[in-house]
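Colleague: I'd like to go through this one slowly and ask how you know each thing you say. Can you put it up for me?

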There are 2 protein chains.
Amino acid sequence: MLSIGTLAKRTGTKVQTIRYYEQIGLMPEPGRTTGGQRRYGTVELDRLAFIRHSRELGFSLEAIRELLDLSDSPERSCAQVDAVAQKQLHEVEARIARLETLRVELQRMINECNADRVADCRILEVLRDHEECLSDHIRPGG
Amino acid sequence: MLSIGTLAKRTGTKVQTIRYYEQIGLMPEPGRTTGGQRRYGTVELDRLAFIRHSRELGFSLEAIRELLDLSDSPERSCAQVDAVAQKQLHEVEARIARLETLRVELQRMINECNADRVADCRILEVLRDHEECLSDHIRPGG
DNA sequence: CTTGAACCTACAGTCGCTGTAGATCCTATA
DNA sequence: TATAGGATCTACAGCGACTGTAGGTTCAAG
């Protein structure tokens with residue numbers, strides 16, 4: 001039987017995070033000692049490891065919830081699992097593309113600035129005037 | 001004199017966001033009509049446009065605050081402006097690198113799965129077992 | 001003068017945690 | 001067996017950068 005602290009250490013999770021996962025129903029309510037402390041077994045350890053590894057790969061908690069549900073029906077087609085992973089891949093690719101655009105724009109902005117004084121700074125100029133931007137379709141949130 | 005709604009439309013910002021910027025001191029408290037509605041001039045329009053464009057380039061509100069402060073001293077060296085932009089560039093590059101790692105891992109995971117049933121799904125297998133991961137140093141937050 | 005769109009304040013919710021306060025529990029050592 | 005102190009408990013606030021809601025008021029066109 002593992003205490004919450006041991007479980008945390010084994011999975012590289014913070015104790016509060018585990019309690020948070022329990023709160024939102026991602027981890028089950030574990031057994032308790034007579035004094036009220038949580039005690040976990042290997043099932044919970046594996047589940048938490050799955051959650052953490054999926055998080056490391058960028059899956060949202062909602063997507064992880066779905067994957068956990070799917071993995072509970074081993075006889076079903078894994079097409080749905082594939083779809084969740086594909087969606088995550090597309091999201092990652094989209095974010096990369098967007099950041100690539102930002103990178104180019106930032107680099108250009110920085111390269112162009114050879115000024116000494118703030119008054120002549122190309123960086124501030126570009127930030128002030130959207131029209132000087134090469135890429136028109138930049139949107140926040142990358 | 002512009003109403004908050006007009007200002008919002010001109011800059012592609014939501015009305016609530018403008019009020020939020022005012023609340024956190026990024027936008028100044030504007031003049032008001034006798035009825036208490038906000039009215040803006042071109043100074044505020046320019047400032048908001050600067051903020052939005054900087055946001056589009058991924059700058060944090062804190063970084064934008066700094067850039068706005070710097071742009072108020074036109075005679076100063078623009079080295080600090082450069083530093084803020086450089087830092088942002090590095091952050092963007094770091095995020096791209098991390099997402100690239102994720103992309104490769106996701107792609108590999110998906111490619112390896114030729115199973116029909118969830119029970120044999122490589123995707124779930126990889127998610128369950130960190131050891132199957134190529135890249136050891138993946139950390140959340142990308 | 002009426003209508004209704006736009007505005008106002010104040011506050012809750014988003015995501016995925018993280019940190020805090022103050023109380024209680026568990027376990028190792030004396 | 002007593003005690004010390006690290007671990008755990010609950011409950012709640014806070015992060016960043018907004019977004020949405022409720023319930024009321026104001027403005028401008030017709």
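Modeller: Let's start at the DNA. In this predicted model, a polar side-chain atom of Arg19(B) sits 2.4 Å from a phosphate oxygen of DNA strand C.

Colleague: What makes that a polar contact between Arg19(B) and DNA strand C?

Modeller: The cut-off is a pair of N or O atoms within 3.5 Å. For Arg19(B) and the phosphate oxygen the distance is 2.4 Å, so the pair passes. Thr33(A) passes too, with a side-chain N or O atom 2.8 Å from a phosphate oxygen of strand C.

Colleague: Which part of DNA strand C does Gln16(A) reach?

Modeller: A base. A base nitrogen of strand C is 3.3 Å from an N or O atom in the side chain of Gln16(A), and that is within the 3.5 Å limit.

Colleague: How much of what the protein touches on DNA strand C is sugar or phosphate?

Modeller: Of the strand C atoms within 4 Å of the protein, 84% belong to sugar or phosphate, and the rest to bases. There are 20 residues around strand C, and the closest are Thr33(A), Arg55(A), Gly5(B), Arg19(B) and Arg38(B).

Colleague: And which residues come closest to DNA strand D?

Modeller: Ser3(A), Arg19(A), Arg38(A), Thr33(B) and Arg55(B), out of 20 residues surrounding strand D. Sugar and phosphate make up 84% of the strand D atoms that come within 4 Å of the protein.

Colleague: Is it a backbone or a side-chain atom of Arg38(A) that meets the phosphate oxygen of strand D?

Modeller: A backbone one: a polar backbone atom of Arg38(A) is 2.8 Å from a phosphate oxygen there. Chain B uses side chains in two such cases: Thr17(B) at 3.0 Å from a phosphate oxygen of strand D, and Arg55(B) at 2.8 Å from one.

Colleague: Now the two protein chains. Why is the relation of chain A to chain B called a two-fold axis?

Modeller: Look at the rotation and the shift. Turning by 180° with 0.0 Å of shift along the axis puts chain A on chain B, with an RMSD of 0.1 Å. That is how a two-fold axis relates things. In chain A, the residue closest to the axis is Ile96(A), with its C-alpha at 2.8 Å.

Colleague: How do you know the copies meet through the same surface?

Modeller: Because 100% of the interface residues of chain A are interface residues in chain B as well. The contact takes 58 residues from chain A and 58 from chain B.

Colleague: How much area do chain A and chain B bury between them?

Modeller: About 4900 Å², 71% of it on carbon and sulfur atoms. Glu56(A), Leu57(A) and Leu127(A) supply 14% of what chain A buries against chain B, more than any other three residues.

Colleague: What makes Arg117(B) and Glu75(A) a salt bridge?

Modeller: The limit is 4 Å, from a side-chain nitrogen of Lys or Arg to a carboxyl oxygen of Asp or Glu. Arg117(B) and Glu75(A) have 2.7 Å from N to O, so they qualify. Between chain A and chain B the count is two salt bridges, and there are 16 residue pairs in polar contact.

Colleague: Where are the domains in chain A?

Modeller: The domain assignment gives domain 1 as 2-71 and domain 2 as 79-132. Their centres are 36 Å apart, taken over C-alpha atoms.

Colleague: How do you know that the two domains of chain A touch?

Modeller: Contact needs heavy atoms within 4.5 Å, and seven residues of domain 1 and five of domain 2 take part in it. The buried area is about 540 Å², with 72% given by carbon and sulfur atoms. Phe59(A), Leu67(A) and Leu70(A) supply 66% of the area domain 1 buries there, more than any other three residues. Between these domains the count is zero salt bridges, but two residue pairs are in polar contact.

Note on methods. Residues are numbered from 1 along each chain as its sequence is written. Chains are lettered from A and ligands numbered from 1 in the order in which they are written. This is a predicted model: local features need pLDDT of at least 70, side-chain atom pairs count only at pLDDT 80 or more; totals for chains, interfaces and linings use all residues. Side-chain values use heavy atoms; hydrogens and water are left out. Copies are superposed by least squares on the C-alpha atoms of residues with pLDDT of at least 70 in both. Domain bounds come from an automatic or database domain assignment. Buried area is the accessible area (1.4 Å probe) that two parts lose on being put together, summed over both. A polar contact is a pair of N or O atoms within 3.5 Å; within protein, one must be able to donate a hydrogen and the other to accept it, and residues adjacent in sequence count only if both atoms are side-chain atoms. A residue is near a molecule or strand if one of its heavy atoms lies within 4 Å of it.
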